[in-house]
Amino acid sequence: MNSTMEKTIGQMVADDYRTAQVFKAHKIDFCCKGNRTLSEVASKKGLDLEILMEELDQVQSKDQGDRPDVASWPLDLLVDYIEKKHHRYVEEHIPILNQYLDKLCRVHGERHPELFEIFEHFRQSSGELAMHMKKEELVLFPWIRKMVEGIADREALDPPHFGTVRNPIQMMMQEHDNEGERFRKIAALSNDYTPPADACNTYRVTYSLLQEFEDDLHRHIHLENNILFPKAEILEKKLLSN
């Protein structure tokens with residue numbers, strides 16, 4: 001129990017992603033704000049720490065199944081996984097959701113004006129995410145791959161043009177915070193993605209896709225903030241100390 005209490009919630013989810021379902025149930029941000037301890041979170045949220053610990057123990061006692069242990073992967077493999085799974089997911093689902101949200105605003109906007117706010121937040125998010133992913137793919141991820149190769153080949157590397165990996169990481173984490181806040185607003189406006197009583201099938205599908213998009217974004221940000229970024233900083237220190 002002491003070891004759990006000393007860990008940040010981000011570390012807990014990195015060690016066992018099943019704990020994320022407990023944090024989600026209590027609306028605890030484990031991805032953008034994963035640097036807090038369990039006691040800090042419980043105190044701020046007014047939650048019973050013992051009950052929270054029991055819930056975490058319950059989910060961790062279940063069989064993990066075939067869930068990959070991404071925390072143990074080499075960083076170049078993790079970068080490839082993030083690009084192929086999460087970046088591709090975002091790219092594929094943005095146009096679908098834009099189309100559905102546009103239709104909902106035209107058909108249901110008069111009765112449900114919150115749809116216009118939801119659509120505007122999503123439009124802003126989709127534009128920012130597109131630029132964010134390109135910066136990762138063109139600047140940060142290539143340097144991480146290069147560092148992995150440098151360690152493997154025992155090759156000295158010149159410092160990157162951005163000085164240290166910490167600089168783009170800080171920018172990416174700030175952008176993660178921005179998107180996390182946007183989706184908190186979308187969740188609030190949509191009553192946690194609960195369709196109204198008069199919702200048509202398209203309405204329900206759209207809210208379901210929005211919730212799925214947010215879940216994928218949380219997983220995406222968690223992999224970077226709590227696993228990839230800290231390990232990239234350690235790797236760079238190791239590389240520069242050789």
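In this predicted model, the axes of helix H4 (residues 38-45) and helix H5 (residues 49-60) come within 10 Å and cross at roughly 125°. H4 is therefore oblique to H5. The handedness of this H4 and H5 crossing is right-handed.

The residues that form the contact can be named. On the H4 side they are Leu38, Ser39 and Ala42. On the H5 side they are Leu49, Leu52, Met53 and Leu56. By class, six residues in the contact of H4 with H5 are nonpolar and one is polar. No charged residue takes part in this contact.

Empty space inside the protein was examined next. Rolling a probe the size of a water molecule over the atoms shows where such space is left. The structure holds one cavity of 30 Å³ or more. The space in the largest cavity comes to about 40 Å³.

The lining of the largest cavity consists of Leu129, His132, Glu175, His176, Glu179, Leu217, His220 and Ile221. Three helices each give two or more residues to this lining. They are helix H7 (114-153), helix H8 (166-189) and helix H9 (201-241).

The lining of the largest cavity is mixed in class, with three nonpolar, three polar and two charged residues. Leu129, Leu217 and Ile221 are among the lining residues and count as nonpolar. Glu175 and Glu179 also line the largest cavity, and Glu counts as charged. His132, His176 and His220 belong to the lining as well, and His falls in the polar class.

Key: Residues numbered from 1 in each chain as written. Predicted model: local features only at pLDDT ≥ 70, side-chain atom pairs only at ≥ 80, totals over all residues. Heavy atoms only, no water. Axes fitted to C-alpha atoms, helices over the stretch in contact; angles between N-to-C directions. Helix = DSSP H or I, 4+ residues; strand = E, 2+ residues; numbered from the N terminus. Parallel < 35°, antiparallel > 145°, perpendicular 65-115°, else oblique. Left-handed = near helix turned anticlockwise from the far one by under 90°. Contact = heavy atoms within 4.5 Å. 1 Å grid on protein atoms, 1.4 Å probe; cavity = no way out; pocket = protein on both sides within 12 Å on 5 of 7 lines; lining within 4 Å. Points joined across faces, edges and corners; volume = space filled by probe spheres on them.
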